[in-house]
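Colleague: I would like a close look at one strand of this model, and then at how the rest of the interior is arranged around such elements. Please keep the wording plain, as I am new to this.

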Amino acid sequence: MTIRTRVAPSPTGDPHLGTAYIALFNYCFAKQQGGEFVLRIEDTDQVRSTPESEQAIMDSLRWLGLEWDHGPDVGGEFGPYRQSERSDLYKKYAHQLVEQGKAFYCFATSEELDQMREEQMAEGLRPKYDGRGLNHTEDEIKANLAAGKPYVIRMKIPSEGTFKFNDYLRDEIEIPWENVDMQVLLKADGFPTYFLANVVDDHHMQISHIFRGEEWINSAPKLLKLYEDFGWEAPVLGHLPLLRNPDKSKLSKRKNPTSINYYKEMGYLPEAVLNYLGRMGWSMPDEREKFTLDEMIEHFDMKRVSLGGPVFDVDKLSWLNGTWIRENLTDEELVQRFVDWKFNGEMLAKVLPEAKTRINTLSDMVDLAGHFVGGIPTYDPALLTAGKADENVIRQALQFFVWQLEGLRSFDKPAIFAIAKEVATFHELKIKDFLEPIFVAITGKTSSTSVLDAMEILGSDLSRARLRVALAHLGISKKQAKNIERAYRDCLLYTSDAA
């Protein structure tokens, strides 16, 4: 049997460190045994998925040094490798399960399901689908289908007993069926959910082992039951520990930069980032801290993964990155890394139009446009509130601005300005007054090139990181954070994807 693993990210946002971490461990497991690694794109969320995000995922994984044997850009015998291009296959299998009595139609509206959950919570029960679709008669189902009534297809789940399975890393796990919901397999728009699409694809792509995050443990019964329902042999399943912040909370963009692009733009070496991810819950047999991808593959043993939540410490990553720079790069190689990073013609071509009208000597460029090639600027935090706006208003408006930017599909000047204008208007601020603290947060100064142009050139990851640092300078207590989040959820700007 060919050992074949995969990573299946959703192209709905920035390329995440967690994706790279899962990809790395699946990659090393396969390669250590002479197997193959697959990249599959889960783009069934047609509202949020974008080609730009898909490309960013592929670019970031390649920047780290991870290559795939099968994928949307390299092809392979099991394609296509975008789930949106396999929708007919999922529909076929979803309806097959209905015909076999292992799944059923549910015609309940979203309003009816919301009411169901509210009633359950009012009774102190855990919100869960109540199986109402199972009560339809054959005649009712035929009539609803004939009338074109929208439906989803849900899988049948036992109401009693427990489900047991052997986890590659955790041995036997037992989960009561009463804790498992009747999962939607096919949505009303005809696209599959994660569970159906992954089971069908993993079977057809002959995936032998699946290593994923431990947050998916409770969904394992649904996943493995689908294999039983189809009569297919299930791949080996293992759950890796979650990456943690230094305070042991789950790694999140609110406490740590989580986008791979952020670390690329900050000037970290891809070798160092990959090396550090390799130390997340795993170590070399000789305990050395610095190692290459090839060395990790040579010595890799998934059974040696520690299940304690590995801490992603940016300070430790920075130390390791410095070690790589000093020990592995000649002066000539380091010069080339600087050129490749920011000191190249393409970057200068973007910056010069912003700076040219303001410089009298070439040396003026360093002070005027240093924020384009710097990391996080240093400045007096008092500058953030030196304008006319009240500090509390600025604090909330900046947080709203960050949350709105997180949902932006195209990070360009018109879109950024539209959000800034929207947030400023909501807080009854003149746009000029609202842009003042943003200017300081992005450039570290009170005057420089256009801040909106700077944000477009810097990109989403670095711009949002600088804004978050500004919020940290302003300070947000737990009470203030709760009030700001409540205000955001109550305002018309809020979308479920943002906060």
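How many bridges join β3 to strand β4 (residues 152-155)?

Modeller: The model is a predicted one, and what follows should be read with that in mind. There are 4 bridges between β3 and β4, and the two strands run antiparallel. To place one of the pairings, look at Cys106, which stands opposite Val152 in β4.

Strand β3 itself covers residues 103-106, and both of its faces are covered. Ala103 and Tyr105 are on one side, Phe104 and Cys106 are on the other, and these four are all buried. Buried here means a relative accessible area under 20%.

Tyr105 also has a place in a wider group. It belongs to a nonpolar core of 49 residues, which includes Ala94, Ile207 and Leu223 as well. This core lies apart from the largest one, which has 101 residues.

Another strand can be set beside β3. Strand β8 (residues 209-213) has 5 of its 5 residues buried, so it is largely enclosed by the rest of the structure. Its pairing with strand β9 (residues 236-240) is parallel and has 5 bridges, whereas β3 and β4 are antiparallel. One of the pairings between β8 and β9 sets His209 against Val236.

Next comes the largest nonpolar core. As general background, nonpolar side chains in soluble globular proteins tend to be buried together. In this core, the members that touch the most other members are Phe25, Phe401, Phe434, Ile438, Met455 and Leu467. Helix α1 (residues 17-32) supplies the largest share of the core, 11 residues.

Two of these members can be followed further. Once residues up to four places away in sequence are left out, Phe25 touches Leu240, Leu277, Gly278, Met280, Trp282, Met296, Phe300, Met302 and Val305. Ile438 is found in helix α17. Its relative accessible area is 0%, so Ile438 counts as buried. With neighbours within four places in sequence set aside, Ile438 is in contact with Leu398, Phe401, Val451, Met455 and Leu467. Met347 is a residue to compare: it is 91 residues from Ile438 in sequence, and the two are 22 Å apart, C-alpha to C-alpha.

The helix that holds Ile438 also leads to an empty space. The whole structure has 1 cavity of 30 Å³ or more, and the largest cavity has a volume of about 50 Å³. Helix α17 (residues 431-443) gives the most to its lining, with 3 residues. Among the lining residues are Leu383, Lys388, Ile394, Asp433, Glu436 and Pro437. By class, the lining has 6 nonpolar, 2 polar and 3 charged residues.

Last is an open space, the second largest pocket, with a volume of about 630 Å³. Its lining is made of 25 residues, and those nearest its centre are Lys253, Arg254, Lys255, Gln399 and Arg468. Helices α15 (391-406), α19 (460-474) and α20 (478-490) are the elements that give two or more residues to this lining. The largest share, 5 residues, comes from α19. The lining of this pocket divides into 13 nonpolar, 5 polar and 7 charged residues.

To return to your strand: β3 is covered on both faces, and β3 is joined to β4 by 4 bridges.

Definitions and conventions
Residues numbered from 1 in each chain as written. Predicted model: local features only at pLDDT ≥ 70, side-chain atom pairs only at ≥ 80, totals over all residues. Heavy atoms only, no water. 1 Å grid on protein atoms, 1.4 Å probe; cavity = no way out; pocket = protein on both sides within 12 Å on 5 of 7 lines; lining within 4 Å. Points joined across faces, edges and corners; volume = space filled by probe spheres on them. Nonpolar A, V, L, I, M, F, W, Y, C, P; charged D, E, K, R; others polar. Buried < 20%, exposed > 50% of the residue type's maximum accessible area, 1.4 Å probe, protein only. Pairing = 2+ DSSP bridges. Core = buried A, V, L, I, M, F, W, Y, C linked by side-chain atoms within 4.5 Å. Contact = heavy atoms within 4.5 Å.
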